[in-house]
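Visitor: I'd like to learn how to read the sheets in a model, and then what surrounds a ligand. Can you walk me through it?

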Amino acid sequence: MVGLNAEVNTLNKALLRLTFVSTLFVIVLAGPLLLAQDGNKTKIGFSIEAMNGERWQTDLNSFEVTAKQLGAEVISADAKGDDDLQFKQVKAMIKEGIKVLVLLPRDTTTASRMVDAAKSANVKVISYDRLILNSDVDLYVSFDRAEIGKMQAEYLVSHALKGNYVLIAGSPNDEGAKALHDAQMTVLQPYIDRGDIKVTADEYTKDWSPTEAYLFALKAIGSSQDNIAAVLASNDGLAAGAIEALRSHNLTGKVLVTGQDADLMAIICIAQGTQAMTVYKPITTEAARAAEEAVRMAANERPRANGTMNNGKTEVPTIMLEPVLVTKDNIKTTVVKDGFQKLSSINQALPADQQIK
Ligand code: BGC
């Protein structure tokens, strides 16, 4: 009997232990789930200066997909091109308890006030696509702008060896627009010095506006009496404005036009021959990387940068991604292959003889 009692006691204790361990197991396993249901997910803010143009919705969608997969909640806001509104929206996100702020500013100089506000509330900041100057950002995620500017200008000098060039640069408030222009000029300068190329018009464009680009190109075409070899447009939106201006002078297809972003409209123009090239930046990768790093940084892990970039104040850890040159010849093996643009959407806009097979 004593032996049996002892055995029962041992069994009871074992059962008790088992119940305790399995309860613990359930609590541990269900932990994140319970937290999620409680609305205690890690919050990440994504502040976008303006949803203008084709790309930024794609950036936001990809960012949200990855952040959600990693268990975070995204609070996003569109500042509609208004610096003060963006500042207000950022302050509201900080109040809502974001751990990391991913920031695409309109003005890369004055944006430091938003970084300061975040940092003083212990919120880490990722400078998204555009480098926020003179600020303590924790990470910068972008594409190599010097390389993009070089690709655009090199394409032109190897296809229009001589002649008048019109340069349409991006926003004067975006340091990236200047980085592109500087890189373009490095390539063009020897040709200008030799007298092969003449820059007949060269201007930054308020807020990267296609309409401004159209008006500027119209003027530039008029003052050169239709004698233009190339339009060095810094992105596809500016290229679209320039192409419209060229169209009104019956010059489409006769003047080389560059771009950047691989927007659907630009890919169609390349297939038609009214735009010569664009630069494809796999922005779904850019957004996903930013989301991954934001989640890591929210958990106090160090971002996995592959270089640094000086923003005037610090050497900012940087993730620099590689751009890809797109011309008529490789539309299918680049943007289509990656699923960035659909072949059916491109071909839908083209007559049968211009469609991409
Ligand atoms: C981005 C470009 C974009 C432009 C206008 C730049 O900061 O790098 O991809 O075309 O802004 O939105």
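Guide: We'll take the sheets one by one and then turn to the ligand. Keep in mind that this is a predicted model.

Visitor: In what order do the seven strands of the open sheet run?

Guide: Read across the sheet, neighbour by neighbour. Here the order is β2-β1-β3-β4-β5-β12-β11, with mixed pairing. From one strand to the next, the twist averages 25°.

Visitor: Which strands stand at the edges there?

Guide: Look for strands with a single partner. Those are β2 (73–78) and β11 (307–310), so each has one side without a neighbour in the sheet. At the β11 end, pairing with β12 (residues 315–321) is antiparallel over four bridges, and Thr308 sits opposite Pro317 of β12.

Visitor: And how is the four-strand sheet ordered?

Guide: That open sheet goes β7-β6-β8-β9, and its pairing is parallel. β7 (197–203) and β9 (256–257) each have a single partner strand, so one side of each lacks a neighbour in the sheet. Two bridges link β8 (residues 230–233) to β9 in the parallel sense, with Val231 opposite Val257.

Visitor: Which strands does helix α6 touch?

Guide: Helix α6 (residues 175–194) packs on β6 (163–168), β7 and β8, its direction at about 145° to that of β7. Helix α7 (residues 210–223) also lies across β6, β7 and β8, at about 160° to β6.

Visitor: What classes of residue make up the shell around the ligand?

Guide: List the residues, then sort them. Among them are Arg55, Asp129, Trp208 and Asn235. The shell has one nonpolar, five polar and five charged residues. Domain 1 (42–137 + 283–321) and domain 2 (145–281 + 327–354) each supply at least three.

Conventions: Residues numbered from 1 in each chain as written. Predicted model: local features only at pLDDT ≥ 70, side-chain atom pairs only at ≥ 80, totals over all residues. Pairing = 2+ DSSP bridges. Axes fitted to C-alpha atoms, helices over the stretch in contact; angles between N-to-C directions. Near = placed C-beta within 6 Å. Nonpolar A, V, L, I, M, F, W, Y, C, P; charged D, E, K, R; others polar. Domains from an automatic or database assignment. Contact = placed C-beta atoms within 7 Å.
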